[in-house]
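Please open the model in your viewer and keep the sequence panel visible. The tour proceeds from a set of side chains to the whole chain, and then to single residues.

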Amino acid sequence: MTKLLPDVQLRVPTEEDAYAWHRVFNDPEVMRFQGGPAELSVYEELTARQRMHDAQLGFCFWTMLDEAGEVIGFTGAQPWPREWGPVGGIEIGWRLARPYWGKGYVTAAALETIERVRAAGVPEVVAMVESTNVRSIAVAERLGMELAEVFALSGGERRGHRYRLAL
């Protein structure tokens, strides 16, 4: 029997979504692989950058809404934002409020993301995942992504995985 994915909506993040993202991600477990909870200013900058990406590229990290229209996280794609790793590549990513973990929201939204970036002409996406982040690794594998590289993260003790998917 095939598990049905939940109905999830994606929208370009609004200025108000910075507050919603700050609220739903203000959880040490949600932010475990991102260095811990962040200040509101981080989300103000991030949502503004995503609006710019959408205007320029036709895709971004979209705000994810559940069936009731509540903000539960983000999923989408953006140019890789760092000067190491897949520079010049398009990163697919996701972050989800803990009450929604394990219910298929990220997979449903990431599948929609793949269709949207494919329609925008993107030939390949990558996902950068810490090697102990088993939930994100499972999502990458459900999307059909292949492990392309294992690399040392800062400090050398932790490992990262670069997954790739040709579109």
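A nonpolar core is understood here as a set of buried Ala, Val, Leu, Ile, Met, Phe, Trp, Tyr and Cys residues that are joined through side-chain atoms within 4.5 Å. The model on display is a predicted one.

**The core**

Select Met64, Ile92 and Met145 to begin. These are the residues with the most contacts inside the largest nonpolar core, which has 46 residues. Next, colour residues 105–119, which form helix α3; this helix supplies the largest share of the core, 7 residues. In soluble globular proteins, nonpolar side chains tend to be buried together.

Now centre the view on Met145. Which residues does Met145 touch, not counting those up to four places away in sequence? They are Ile92, Val125, Val126, Ala127, Ala140, Tyr163, Arg164 and Leu165.

**The whole chain**

Zoom out and switch to a cartoon display. The protein contains 4 helices and 7 strands. Followed from the N terminus, the elements run β-α-α-β-β-β-α-β-α-β-β.

The C-alpha atoms fill a box of roughly 40 × 40 × 35 Å along the principal axes. A compact globule with 167 residues would have a radius of gyration near 15 Å, and the protein agrees with this because its own value is 15 Å. Of the 167 residues, 47% count as buried. Among contacts with a separation of 6 or more, 61% join residues 24 or more positions apart.

Turn on the surface representation. The accessible surface comes to about 8,800 Å², and carbon and sulfur atoms account for 50% of that area. Colouring by charge will bring out 18 positive and 23 negative side chains; the centres of the two sets lie 4 Å apart.

**His53 and Ala120**

Return to the cartoon and select His53, which lies in helix α2 (residues 40–57). Is His53 buried or exposed? His53 counts as buried because its relative accessibility is 8%, and the cut-off for buried is under 20%. Leaving out residues up to four places away in sequence, His53 touches Gly58, Phe59, Cys60, Gln78 and Pro79.

Keep Phe59 visible and add Ala120, which is located in the loop between α3 and β5 (124–130). Ala120 is in contact with Leu57 and Phe59, its neighbours within four places in sequence being set aside. Ala120 and Phe59 are 61 residues apart in sequence, yet their C-alpha atoms are 7.7 Å apart in space. With a relative accessibility of 41%, Ala120 counts as partly exposed.

**Ala97**

Select Ala97 next, in the loop between β4 (90–96) and α3. Its relative accessibility is 5%, so Ala97 counts as buried. Beyond its neighbours within four places in sequence, Ala97 is in contact with Val24, Phe25, Val30 and Ile72. A distance label between the C-alpha atoms of Ala97 and Val30 should read 6.6 Å, although the two residues are 67 residues apart in sequence.

**Met128**

The last stop is Met128, in strand β5. Display the residues in contact with Met128, again leaving aside its neighbours within four places in sequence: Trp80, Trp84, Gly85, Pro86, Phe151, His161 and Arg162. Finally, add Glu44, which is 84 residues from Met128 in sequence and 23 Å from Met128 in space, C-alpha to C-alpha.

Note on methods:
Residues are numbered from 1 along each chain as its sequence is written. This is a predicted model: local features need pLDDT of at least 70, side-chain atom pairs count only at pLDDT 80 or more; totals for chains, interfaces and linings use all residues. Side-chain values use heavy atoms; hydrogens and water are left out. Buried means under 20% relative accessible area, exposed over 50%, partly exposed in between (1.4 Å probe, protein chains only). Helices (H or I, at least four residues) and strands (E, at least two) are DSSP runs, numbered from the N terminus. Contact means heavy atoms within 4.5 Å. The radius of gyration is taken over C-alpha atoms; the globule rule is 2.2 Å times the number of residues to the power 0.38. Accessible areas come from the Shrake-Rupley method with a 1.4 Å probe; for residues, only the protein chains shown count as cover. Lys and Arg count as positive and Asp and Glu as negative; His and the chain ends are not counted. The place of a charge is taken as NZ of Lys, CZ of Arg, CG of Asp or CD of Glu.
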